[in-house]
Every structure is written in structure tokens, then in C-alpha cells.
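Colleague: Could you take a close look at a single part for me, the place where the ligands are held, and lead me there step by step?

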Amino acid sequence: KLDGRSTFRFFEPAMDARMQARRRLELDMRQALARREFLLHYQPQLSLADDRLVGCEALIRWRHPERGLVSPLDFIPLAEEIGLIVPIGEWVIRQACRDAASWPRPLSVAVNVSPAQFKSDRLVETIVSALSLAGLPAARLEVEITEGVLLQENEKTLHTLHRLRDLGVRVSMDDFGTGYSSLSYLRAFPFDKIKIDRSFVTDICAQTNPGAKADGEAIIRAIAGLGRSLGMTTVAEGVETEEQLHRIRAEGCTDVQGYLISKPLPADDLLRLLGASATPASGARR
Ligand code: C2E
Ligand code: MG
Ligand code: MG
Ligand code: MG
């Protein structure tokens with residue numbers, strides 16, 4: 001008992017510091033929207049059928065006055081926990097639609113939508129109004145969800161997904177293969193696109209990448225085949241090397257996204273890329 005108590009005391013200051021940091025982050029985040037500290041980067045996606053850019057994924061960043069550019073991995077989970085993801089997510093959808101409407105070519109734009117946004121009731125209305133304000137056709141918007149959304153799969157979630165689909169918005173399953181029952185989600189809803197998680201791409205090319213597990217490529221092959229049978233686009237995420245690209249092509253994925261094609265770009269840089277590359281592939285593969 002004495003041991004337990006001293007252990008507790010030992011951890012207390014560290015815990016306190018963590019709680020304070022969290023509280024600080026929360027306060028800062030509550031101001032960030034009004035202070036226009038969020039921004040979107042866009043990562044291009046390439047179709048392997050013709051080596052053309054077909055779309056971009058919008059990825060949020062937070063330009064924090066003291067911390068600099070903060071990764072979504074460091075604030076989205078907290079935003080979700082405290083409900084701030086709803087207004088932040090609405091901003092993402094409006095901004096992404098506006099930006100996409102200004103692109104010189106009709107690429108699609110994908111936004112990540114979190115479980116809390118799905119539960120909020122406002123998602124469909126937000127999307128309808130963002131599309132109409134921006135003058136963006138629904139077919140150019142894509143919503144990416146992870147298994148977290150379907151984890152609490154219920155009538156309402158599916159109803160929302162079907163309403164989006166009826167609008168003409170496309171729906172993608174993100175980080176596919178990392179969840180506990182990825183396959184059953186494919187039966188729950190007819191997704192347009194499967195995004196194969198980066199971890200499987202990292203695991204291909206086991207000969208040249210000693211740390212890789214040998215089965216990445218087999219899994220990618222299987223998912224690509226599944227996508228073909230179900231009539232879904234299959235995107236390999238996180239492609240970083242020519243060799244990975246070569247293998248992914250051979251395994252029959254339809255699209256790729258990753259640093260090899262391009263890192264996520266500030267909106268202006270993306271505009272330059274789209275404007276500069278009359279033949280998209282040369283711009284994309286530079
Ligand atoms: P995600 O949706 O799976 O996005 C892909 C992540 O992989 C992005 O990280 C992207 O920068 C990174 N990535 C792309 N290609 C490569 C590559 O070749 N190598 C490596 N190492 N990484 C690559 P990012 O931008 O840090 O975003 C992380 C996650 O944060 C996203 O994962 C998504 O789950 C979440 N997120 C980002 N923006 C939003 C948003 O607006 N709303 C919500 N709810 N979540 C977001
Ligand atoms: Mg995503
Ligand atoms: Mg992903
Ligand atoms: Mg992810």
C-alpha cells in the first residue's frame with residue numbers, strides 16, 4: 001500500500017503537467033477558428049490508368065502563434081473529444097469546396113470527416129450549403145471516413161451516408177485494412193473508393209527494405225482484386241519510392257497518393273502545379 005502511494009505521488013506532477021498542456025491546447029484551439037489559424041494543404045492523387053491527377057485530399061494544419069505548424073495528429077483527437085471538431089470540420093468543408101472551385105481543372109477534393117461530425121446532425125446540411133456557396137458540383141466532393149464512423153454503425157450513420165450518396169457526393173473508406181472488421185464495413189455501405197492504409201505500402205519490397213513485413217504486397221493485391229470485383233476505386237496511400245509505385249501498379253491498384261507524387265501542398269503551390277502542368281503527369285511526376 002505504501003508502495004502504491006509513493007508511486008502515485010511520483011506520477012502526480014507529470015500527470016499535472018500533461019493535464020495543463022492539454023488544457024492550454026484546448027483554450028488555444030477554441031480561439032483558433034476566429035483567429036484564422038487553420039489552413040488546408042492539398043495532396044494530389046494520381047490515376048494509374050493514364051498517369052493523370054484526378055483529385056486532392058485536403059489535410060488540415062494549425063498555424064499556432066508559438067508552436068508553428070501543428071500536425072492534425074496532435075490536435076484532431078482532442079478536437080474530437082471536446083466537440084470542437086464540428087465547427088472545425090465545417091470550416092474544412094467550406095474552405096475545401098471554395099478552393100476546389102478555383103482550380104483550373106475539375107479535380108475532385110476529398111475531406112476527412114470524423115465520427116463526432118457524423119453524429120452531429122449538421123453534416124449533410126453543411127455539405128449542401130458549402131457546395132452551393134462555392135458553386136462546386138457534388139460529384140467533385142469526396143468524403144473520407146474511417147472505421148470509427150461505422151464502429152457505432154447504426155441506422156443514422158447509414159442514413160447519412162446514403163443521403164450524401166444521393167446528393168452525388170462520393171464516399172471513401174480511409175485507412176482500409178487497419179480496423180478490426182474492415183471487410184464487414186464494405187458490406188455495410190457501397191463505398192466508391194477504398195484507400196489502402198500506408199502501413200501495407202511500407203511493407204512491400206521486403207527485399208530492399210529489411211524492416212518490412214513480407215505480406216504487404218499480397219494484401220495490396222487482395223484489396224485491389226476486391227475493389228475490382230466490387231467496382232470500387234483502390235488508392236494506395238503513402239507511396240514514397242519508384243519501386244513501391246511499380247509494385248502497386250503491377251498489383252492492380254487504380255490510384256496512388258504519396259510523397260513520391262507530391263507532399264501535401266499549400267493551396268497556392270497546388271494552384272501553380274495545376275496551372276503549370278498542361279500535361280498533368282509531367283507536373284505530377286516531376
Ligand atoms: P489520413 O486521412 O490517412 O491522411 C493521410 C496522411 O498521410 C496525411 O498526414 C499525409 O500527409 C500522410 N502522407 C501522405 N503521403 C505520405 C507518404 O508518402 N509518406 C508518409 N510518411 N506520409 C504520407 P497528415 O496530414 O499528418 O494527417 C494525418 C491524419 O489526420 C489524416 O490521416 C486524418 O486522419 C487526419 N486529418 C487530417 N486533416 C483532417 C481534417 O480536416 N479533419 C479530420 N477529421 N481529420 C483530419
Ligand atoms: Mg484521409
Ligand atoms: Mg489514410
Ligand atoms: Mg489516418
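Modeller: Arg36 makes a convenient starting point, because with a relative accessible area of 76% it is exposed (over 50%; buried is under 20%, partly exposed in between, with a 1.4 Å probe and protein chains only). This is a predicted model, in which local features need pLDDT of at least 70 and side-chain atom pairs pLDDT 80 or more, while totals for chains, interfaces and linings use all residues. Residues are numbered from 1 along each chain, chains are lettered from A and ligands numbered from 1 as written, and side-chain values use heavy atoms, without hydrogens or water.

Arg36 belongs to the loop between helix H1 (2-32) and E1 (DSSP runs, at least four residues for a helix and two for a strand), and its phi is near 55°, a positive value in a residue other than glycine. Most residues other than glycine have a negative phi. Asp121 is another such case, with phi near 80°, and this residue sits in the loop between helix H4 (115-119) and helix H5 (123-134), where it counts as exposed at 54% relative accessibility.

Now to the part you asked about, beginning with the magnesium ion that is ligand 2. Glu57 (OE), Asn112 (OD1), Glu144 (OE) and Asp174 (OD) are the protein donors of this ion, at 2.0 to 2.2 Å (N, O or S atoms within 2.8 Å of the metal, or 3.2 Å for Na, K and Ca). Along the sequence these donor residues of ligand 2 follow the spacing E-x54-N-x31-E-x29-D. Since Asn112 lies in strand E4 (residues 108-112) and Glu144 in strand E5 (residues 141-145), this pair ties together parts that are 32 residues apart in sequence. Asn112 is partly exposed, at 31% relative accessibility, whereas Glu144 is buried, at 1%. Asp174 serves as a bridge between the magnesium ions that are ligand 2 and ligand 3, and the two ions lie 4.1 Å apart.

Which residues come nearest to ligand 1? Among the 24 residues around it, the nearest are Arg61, Asn112, Asp174, Glu240 and Tyr259 (a heavy atom within 4 Å counts a residue as near). Polar contacts (N or O atoms within 3.5 Å) can be followed by name: Gln43 has a polar side-chain atom 3.0 Å from a nitrogen atom of ligand 1, and Asp174 has one 2.9 Å from an oxygen atom of ligand 1. In the side chain of Glu240, an N or O atom is 2.5 Å from a nitrogen atom of the ligand. On its own, ligand 1 has 800 Å² of accessible area (Shrake-Rupley method, 1.4 Å probe), and the protein covers 85% of that.

Elsewhere, a search of the whole structure finds six aromatic pairs (ring centres within 6.5 Å; under 30 degrees between planes is stacked, over 60 edge-to-face, the rest tilted). Tyr42 and Trp103 have ring centres 5.4 Å apart and planes at 90°, so they are edge-to-face. Their pair links distant parts of the chain, 61 residues apart, with Tyr42 in strand E1 (residues 38-47) and Trp103 in the loop between helix H3 (85-102) and E4. Both Tyr42 and Trp103 are buried. Phe189 and Phe191 also pair edge-to-face, at 5.3 Å centre to centre and 80° between the planes; Phe189 is buried at 0%, and Phe191 is buried at 3%.

Note on methods:
A polar contact is a pair of N or O atoms within 3.5 Å; within protein, one must be able to donate a hydrogen and the other to accept it, and residues adjacent in sequence count only if both atoms are side-chain atoms.
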